[in-house]
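The questions below work through the fold of one chain, strand by strand and contact by contact. Please read them with the model open.

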Amino acid sequence: PTAVAAVPLAVTLFLRAFPAASFEPTYLDLFERTVEDVGSFLGEQDLIYVGGGNTANMLAIWQIHGVDAALRTAWEAGVVMAGMSAGANCWFQASTTDSFLLGRADPLTDGLGFVPGSFCPHFDGEPERRPRFHELVASGALPGGVACDDFAAVHVVGTEVVEAVASVTSAGAYRVDLVDGTAIEAPISVRALS
């Protein structure tokens, strides 16, 4: 829960959303750190879920604690990575973020880079996101990439998007790429989750 400073609240909300009946939850608190070997801790996980919040701050904190390198090692070893908002942005080379000023969608070009291209969360949930992502891709400020409405997600295997899923039928996912100087948006087929 690094993207939010209120770690205990983030953990509580996560456990409410995902009751621990079928898994053993752990978490890495970097504000009051008790884990000495971050690499071993992350490498022992079956799945790493990263919540939302401030993408830029999260990436900076991860770098100073060596979490960025530890995540890459865990990912290369086959640990499943997941997340929403900032927790989805982080896996990509670049993204849109409101980390610098709420209500805006600024480019962030120093993501972890596990997935090439860019990512835009909240494509339908924040009025600025869709037009701004188009503008950033068209200008070359961001590479082409993937955008998801709220309640939609993409499933990436290795470095390739293999499908999109949604927990709400109206939620979509899209490719936005630069074609002849213009950002072109194309829907990705979405599988509804039951």
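Q: In which sense do strand β8 and β11 pair, parallel or antiparallel?
A: This is a predicted model, in which local features need pLDDT of at least 70 and side-chain atom pairs count only at pLDDT 80 or more, while totals for chains, interfaces and linings use all residues. Residues are numbered from 1 along each chain as its sequence is written, and side-chain values use heavy atoms, with hydrogens and water left out. Strands are DSSP runs of E with at least two residues, helices are runs of H or I with at least four, both numbered from the N terminus, and two strands pair if DSSP finds at least two bridges between them. Three bridges link β8 (residues 160-166) to β11, and the sense is parallel.

Q: Which residue is the bridge partner of Val165 in β11?
A: The pairing of β8 with β11 has three bridges. In β11, the partner of Val165 is Arg191.

Q: What is the strand order of the open sheet of three strands?
A: Pairing in this sheet is mixed. Its edge strands, each paired on one side only, are β7 (152-157) and β11 (190-192). Neighbouring strands are turned by 35° against each other on average, direction ignored; axes here are lines fitted to C-alpha atoms, for helices over the stretch in contact, and angles run from 0 to 180 degrees between N-to-C directions. The order is β7-β8-β11.

Q: What is the strand order of the open sheet of six strands?
A: This sheet also has mixed pairing. At its edges, pairing on one side only, are β4 (106-108) and β10 (182-188). The average turn between neighbouring strands is 25°, direction ignored. The order reads β4-β3-β5-β6-β9-β10.

Q: What angle does the direction of helix α6 make with that of β9?
A: Helix α6 (residues 129-139) packs on the six-stranded sheet. Taking contact as heavy atoms within 4.5 Å, the helix touches β3 (92-97), β4, β5 (115-120), β6 (145-148), β9 and β10. Its direction and that of β9 make an angle of about 30°.

Q: What is the handedness of the crossover from β5 through α6 to β6?
A: β5 and β6 are parallel and share three bridges, with Cys120 opposite Ala147 in β6. A crossover is right-handed if, with the strands pointing away from the viewer, the path from the first strand over the helix to the second runs clockwise. This β-α-β crossover is right-handed.

Q: Which residue in β10 is the bridge partner of Tyr174?
A: On one side, β9 pairs with β6 in the antiparallel sense over four bridges, and Ala147 stands opposite Tyr174 there. β9 (residues 173-179) is also joined to β10, again antiparallel, by seven bridges. In β10, the partner of Tyr174 is Pro187.

Q: Which residues have the most contacts inside the largest nonpolar core?
A: A nonpolar core is a set of buried Ala, Val, Leu, Ile, Met, Phe, Trp, Tyr and Cys residues joined through side-chain atoms within 4.5 Å; buried means under 20% relative accessible area, exposed over 50% and partly exposed in between, with a 1.4 Å probe and protein chains only. The largest core has 38 residues. The residues with the most contacts inside it are Leu42, Trp62, Leu71 and Trp91.

Q: How many residues are in the second, separate core?
A: In soluble globular proteins, nonpolar side chains tend to be buried together. Members of the second core include Phe123, Val137, Leu142 and Tyr174. Its residues number eleven.

Q: Why does the salt bridge of Arg130 and Glu185 tie together parts far apart in sequence, and how many residues separate them?
A: A salt bridge puts a side-chain nitrogen of Lys or Arg within 4 Å of a carboxyl oxygen of Asp or Glu, and here the N to O distance is 3.1 Å. Arg130 is partly exposed at 28%, and Glu185 is also partly exposed at 28%. Because Arg130 lies in helix α6 and Glu185 in strand β10, the pair ties together parts whose separation in sequence is 55 residues.

Q: Is Arg129 buried or exposed?
A: Arg129 forms a salt bridge with Glu126, the closest N and O atoms being 2.8 Å apart. Glu126 is partly exposed at 24% relative accessibility. With a relative accessible area of 3%, Arg129 is buried.
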